[in-house]
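Welcome! Here is a set of short exercises for getting to know a protein structure. Have a look at it, then work through the tasks at your own pace.

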Amino acid sequence: MRVVTFSNQKGGVAKTTSTYCFAAVLKSLGHRVLVIDMDPQMNVTLISKVPEDDLPRIYQVMVGEAEFPEAIRELEQFDIVPGSILMSSADKTFPEKNRNRLLKLALEKISDRYDYVVIDTPPSMGLLTVNAFAATNDLIIPAKAEILALSGIKQIYDLIREIKKKTNPDICIRGILFTQFTSRTNISSTMMEMATSMSEIIHAPIFETKIRSTVKVQEAQAYRESLFDMFPSSTAAEDYKAFVKEYLEVISNG
Ligand SMILES: Nc1ncnc2c1ncn2[C@@H]1O[C@H](COP(=O)(O)OP(=O)(O)OP(=O)(O)O)[C@@H](O)[C@H]1O
Ligand SMILES: [Mg+2]
């Protein structure tokens, strides 16, 4: 089982969109895929059309009120453990013992069941993201090619260094994924130069694949439909398929 996390404390950089699309493509290639929604905003849960029910969600797993299998919903596009608004009280309600490793410990019990676990995280570097990082093999940092989105990347790097030392020596920053990309603007080329120097600072590459900006992404999400069903030949659908291919090549090289 390999755990892949999309994280950036900057909001609106396509963490959720990338989690959804990456997981959907992996599943379509025949892998066993579980999505975990660690964000109290529950966006990946919402766009995945998880049915309303009273079954346990990620919060109950984290506080030890439920086991992972009870919280899994098997959807067409992938399996998912839905998010919960209760996650916003994590600082107060998560137990003290193994506080930073609750997710990692819970996942260990289902490690035979999935090939990939894909985690969506909130736009912050708090306890929820720390739990995700403690369980992560591959961190992918989605970023918009604009100055503010890039400024947070150094902070992620500092947190990763700490996590690597204290809780999870296995975590690897696989790279920066440019999203909502429009290559024709001047800003983008200037930002690409900045991003290249940033990539040197964090010792991680920029993925060659860039996810182009298209309104089809928002449309599919508004209908809570899969981009790959609704707009299979859209640029973003093509780009996410290319990105998964690139990711699989990267990890096969170790
Ligand atoms: N390739 C794209 N083209 C156009 N719009 C996109 C693309 N990717 C994402 N978006 C849109 O950008 C917005 C932010 O995306 P998303 O919710 O995935 O970001 P996020 O990083 O998860 O945000 P948050 O920090 O709030 O969790 C959404 O409205 C989404 O539909
Ligand atoms: Mg999100």
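The exercises below, each with a worked solution, concern a predicted model.

**Exercise 1. The sheet**

Task: Find the order of the seven strands in the open sheet, and name the edge strands.

Solution:
- Step 1. Reading across the open sheet, the seven strands come in the order 3-4-2-5-1-6-7.
- Step 2. The pairing in this sheet is mixed.
- Step 3. Strand 3 (73-74) and strand 7 (172-179) are the edge strands, since each pairs on one side only.
- Step 4. Look at one edge: strand 7 runs parallel to strand 6 (residues 138-144), and seven bridges join the two. Across from Ile140 you will find Gly175 in strand 7.

**Exercise 2. A strand and its partners**

Task: Work out how strand 2 is paired with strand 5 and with strand 4, and decide whether its faces are covered or open.

Solution:
- Step 1. Start with strand 5 (residues 116-120), which is parallel to strand 2 and joined to it by five bridges.
- Step 2. Turn to strand 4 (residues 79-81), where three bridges make a parallel pairing with strand 2.
- Step 3. Use Leu34 as a landmark: Val117 stands opposite this residue in strand 5, while its bridge partner in strand 4 is Asp79.
- Step 4. Now check burial, for which a residue needs a relative accessible area under 20%. In strand 2 (residues 33-37), five of five residues pass this test.
- Step 5. Sort them by side. Val33, Val35 and Asp37 are buried on one face, and Leu34 and Ile36 are buried on the other, which leaves both faces covered.

**Exercise 3. A buried charge**

Task: Locate Asp39 and find which side chain of opposite charge is nearest.

Solution:
- Step 1. Follow the chain into the loop between strand 2 and helix 2 (43-47), where Asp39 is found.
- Step 2. The nearest side chain of opposite charge belongs to Lys15, 6.7 Å away.
- Step 3. A salt bridge needs a nitrogen and a carboxyl oxygen within 4 Å. Asp39 has no salt bridge, yet it is buried.
- Step 4. Setting aside residues up to four places away in sequence, Asp39 touches Asp120, Thr121, Pro122 and Pro123.

**Exercise 4. A strand residue and its surroundings**

Task: Say whether Thr5 is buried or exposed, and list its contacts beyond four places in sequence.

Solution:
- Step 1. Thr5 is found in strand 1.
- Step 2. Its relative accessible area is 0%, so Thr5 is buried.
- Step 3. Leaving out neighbours within four places, the contacts of Thr5 are Ile119, Thr121, Ala132, Phe133, Thr136, Asp138, Leu139 and Ile140.
- Step 4. Two of these, Ala132 and Phe133, are among the buried residues of helix 7. Nine of the nine residues of helix 7 (residues 127-135) are buried, and therefore the helix is largely enclosed by the rest of the structure.

**Exercise 5. Unusual backbone angles**

Task: Compare the settings of Ala14 and Asn98, and find the phi angle of each.

Solution:
- Step 1. Recall that most residues other than glycine have a negative phi.
- Step 2. Ala14 is not a glycine, but its phi is positive, about 85 degrees. Asn98 is not a glycine either, and has a positive phi of about 55 degrees.
- Step 3. Ala14 sits in the loop between strand 1 (2-6) and helix 1, and Asn98 in the loop between helix 5 (90-93) and helix 6 (102-108).
- Step 4. Ala14 counts as buried because its relative accessibility is 13%, whereas Asn98, at 29%, counts as partly exposed.

**Exercise 6. Open and closed spaces**

Task: Find the volume of the largest pocket and of the largest cavity, and see what lines them.

Solution:
- Step 1. The largest pocket has a volume of about 390 Å³. Among its 25 lining residues, Gly12, Ala14, Thr17, Gln180 and Gln221 are the closest to the centre.
- Step 2. Helix 1 (15-28), helix 2, helix 11 (215-222) and helix 13 (235-252) each give two or more residues to this lining. Helix 11 gives the most, with four residues.
- Step 3. The largest cavity holds about 70 Å³ of space. Its lining includes Thr17, Tyr20, Val217 and Gln221.
- Step 4. Helix 1 and helix 11 each supply at least two residues of the cavity lining.

Terms used
Residues numbered from 1 in each chain as written. Chains lettered and ligands numbered in written order. Predicted model: local features only at pLDDT ≥ 70, side-chain atom pairs only at ≥ 80, totals over all residues. Heavy atoms only, no water. Buried < 20%, exposed > 50% of the residue type's maximum accessible area, 1.4 Å probe, protein only. Pairing = 2+ DSSP bridges. Lys, Arg positive; Asp, Glu negative; His and termini not counted. Contact = heavy atoms within 4.5 Å. 1 Å grid on protein atoms, 1.4 Å probe; cavity = no way out; pocket = protein on both sides within 12 Å on 5 of 7 lines; lining within 4 Å. Points joined across faces, edges and corners; volume = space filled by probe spheres on them.
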